[in-house]
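Please read the points below with the model open beside them. They are kept short and deal with local features.

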Amino acid sequence: MKKVFILAVCCIFAFTNCKQPKENTITNTYAEEPHSFAQPNQAVITHLDLDIAVDFDTQIISGTATYNIKNNNAKEIILDAKYLNIIDVKADGEQTAFTLGDSDEKLGQPLAISIQETTKKIAITYQTTDKTEALQWLNAQQTADKTNPFLFTQGQAILTRTWIPIQDSPQIRITYNATVKVPSELMAVMSAENPKEKTADGVYTFKMTQPIPAYLIALAIGDIEYKAISNRTGVYAEKSMIEKAHAEFSDMEKMVATAENLYGAYDWEQFDVIVLPPSFPFGGMENPRLTFATPTVIAGDKSLTTLVAHELAHSWSGNLVTNATWNDFWLNEGFTVYFEIRIMEALYGKERADMLALIGRQDLDDELESLKDSPNDTKLKLDLKGRDPGDGMNSIAYDKGYLFLRTLEEKVGRENMDAFLKSYFKTHAFSTTNTEDFITYLNINLLNKNNITFNTEEWIYEAGIPDNAAVIKSDAFTTVKNVLTTFIETDAIDTAKTSEWPPQEWVYFIRNFPEDITTSQMQHLDDTFNFSESTNSYITMVWFEQSILNNYHGNDVDARISKFLNTVGRRWYVTTLFKAFKKADRIDEALAIYKTARPNYHTVTANTIDALLNE
Ligand code: BES
Ligand code: ZN
């Protein structure tokens, strides 16, 4: 009786869960994709057991990556590897043949491993090298506490293959377990279930039971501590940063609850943020369960925590529903910006949301201007074959993506929009989608259903911004503009009007200086508002940009710019400032700073600035 019951339950399960694969056969169909050598329709990885030791003296990670695989009668399985030493490969415990193919500057090498029809596991013993692109090894001086070294990884877009041999394509998802051995004075954390305290022996074990793409596998190691905000949110940081980080991000539980309220349950159990040393090349990176963040968001007044809303939003758009290829990157980022601004609106009101949207619109206009000679790059759907997927990481994916969704929202109404998005996330959870599938889903579930016509194809496949784009307004910014105009015309500023301005308004004020603003006007503003000494990194960054562009040298600003560029490696900030030097024809000064700053940068920032200054 009991047996029959169990059998019946199993059958129902197999029936309702039609994705339930037969053991060891491939049920998904994967698309051709330009940034991975993997041939997942032939043989694909499904689970990783990573066993590594991290040596800070030699700056080498070494160990074994063991994969469970599914095989469609293929004779080999192909992985991606870049700048790795492959030492030995086994198939089901027996040594097996492997070849590393020709090396491509961007993609690295195909690692082809001989397997048999029956092979269930492959194990690759390997070491990283000093050419690794994902890892940044920091000495004690480059950290906040300055007492211990630090290591972090950055996987997106195609860098995971430089620290783990893997099928490095966003459409291939795996679960993972890891054992990581580190010096006992340090703690290791990953995009997985994490420790909250150091272990005595420096050995840490991790589990990620939800399937994720390779670019979301992440590791950070340092002398860090944990402090909880709620039972599912908290912060990791070095000792000297932990209290500041905890205070800055104290709304995190509210953010998760707000996000859930908008688009459905948070599926990853824990949401923590680790504050990394200042060389971290991004504002934030949405590694599942553990967002990686730059310390430059810690402003002391929560004014830059929209970044946390952004990375949290990726827990749905990106991590739960992942772009199938990097050509569909706008599906990750455009949806995330839309979701981020909705979280900010729900939590802090429409005024704050409008400001964010308008700053984005300005970024978008600047980007369109700088891409005016390559209109194809202003399309949402890109063709990045032969190019670095990082080329797609600009305001088009983010802010044109946002504007498309915002325009769509205004057309269909918020209620329809939200019901649609909620079902989109639910239907595609833990899987992948591409632009074409999205359009089909949109037509069926939102447009046709409500008898609405919309120029989706124009938005996605054509250059520039369609005429029906939503008009974004911010009353607060209109006031800011008026104060600025009066100042430029009269050289007088009414500080009663500016005393309550939050940092966003100051950023808007500074960014909108006219090109002919004079150095004495700059000096006047600096003397009145102390911009050069601001502790808000966003204000400092835009102020430094204007100082460079307008040849302003007061209040020690040159030394401050140099110091900023020598400590902060956040690519967006660094690029903005080096671009300003170039535009102002001050290339010698830029090169002098870069000479000492470059060794502090992660490869992704260094590569971008190398290209910029060599143009
Ligand atoms: N996933 C991105 C960062 C990224 C994109 C890394 C492409 C590598 C390749 C992250 O979510 C992001 O967008 N970060 C922004 C945050 C901002 C939009 C709030 C950043 O780093 O500035
Ligand atoms: Zn993002």
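The numbered points cover the basis of the note, the metal site, the second ligand site and some backbone details.

1. Basis. This is a predicted model, in which local features need pLDDT of at least 70 and side-chain atom pairs count only at pLDDT 80 or more, while totals for chains, interfaces and linings use all residues. Residues are numbered from 1 along each chain as its sequence is written, chains are lettered from A and ligands numbered from 1 in the order in which they are written, and side-chain values use heavy atoms, with hydrogens and water left out.

2. Zinc donors. His310 (NE2), His314 (NE2) and Glu333, the last listed with two OE entries, coordinate the zinc ion (ligand 2) at 2.0 to 2.8 Å. Donors are N, O and S atoms within 2.8 Å of the metal (3.2 Å for Na, K and Ca); water is not among the atoms, so sites may look incomplete. The spacing of the donor residues in sequence is H-x3-H-x18-E. His314 sits in the loop between helix H4 (306–313) and strand E20 (321–323), and Glu333 in helix H5 (residues 329–348), so this pair ties together parts that are 19 residues apart in sequence. Helices (H or I, at least four residues) and strands (E, at least two) are DSSP runs, numbered from the N terminus. Both His314 and Glu333 are buried; buried means under 20% relative accessible area, exposed over 50%, and partly exposed in between (1.4 Å probe, protein chains only).

3. Zinc geometry. The arrangement around the zinc ion (ligand 2) is irregular because its 6 donor atoms subtend angles of 52 to 159°. Four donors count as tetrahedral if all angles lie between 85 and 135 degrees; four count as square planar and six as octahedral if opposite donors are over 155 degrees apart and all others between 65 and 115; anything else is irregular.

4. Ligand 1, contacts. An oxygen atom of ligand 1 lies 2.6 Å from a backbone N or O atom of Gly283. For Gly284, a backbone N or O atom is 3.3 Å from a nitrogen atom of ligand 1. The side chain of Glu286 has an N or O atom 2.7 Å from a nitrogen atom of ligand 1. On its own, ligand 1 has 520 Å² of accessible area, of which the protein covers 89%; such areas come from the Shrake-Rupley method with a 1.4 Å probe, and for residues only the protein chains shown count as cover.

5. Ligand 1, shell. Strand E18 (284–285), H4 and H5 each supply at least two residues of the shell around ligand 1, and H4 gives the most, with 3 residues.

6. Cis peptide. The bond from Gln156 to Ala157 is cis, with omega near 0°. Ala157 is in the loop between strand E10 (150–153) and strand E11 (173–181).

7. Positive phi. Lys146, not a glycine, has a positive phi of about 65°. Lys146 lies in the loop between strand E9 (135–138) and E10, and is partly exposed, with a relative accessible area of 42%. Phe430 also has a positive phi, near 55°. Phe430 is in the loop between helix H8 (414–427) and strand E21 (431–433) and is partly exposed at 25% relative accessibility. Most residues other than glycine have a negative phi, and most peptide bonds are trans.

8. Long-range pair. Val321, in strand E20, counts as buried at 4% relative accessibility. Val321 and Phe425 are 6.5 Å apart in space, C-alpha to C-alpha, and 104 residues apart in sequence.

Notes. Polar contact = N/O pair within 3.5 Å; in protein donor to acceptor, adjacent residues only side chain to side chain.
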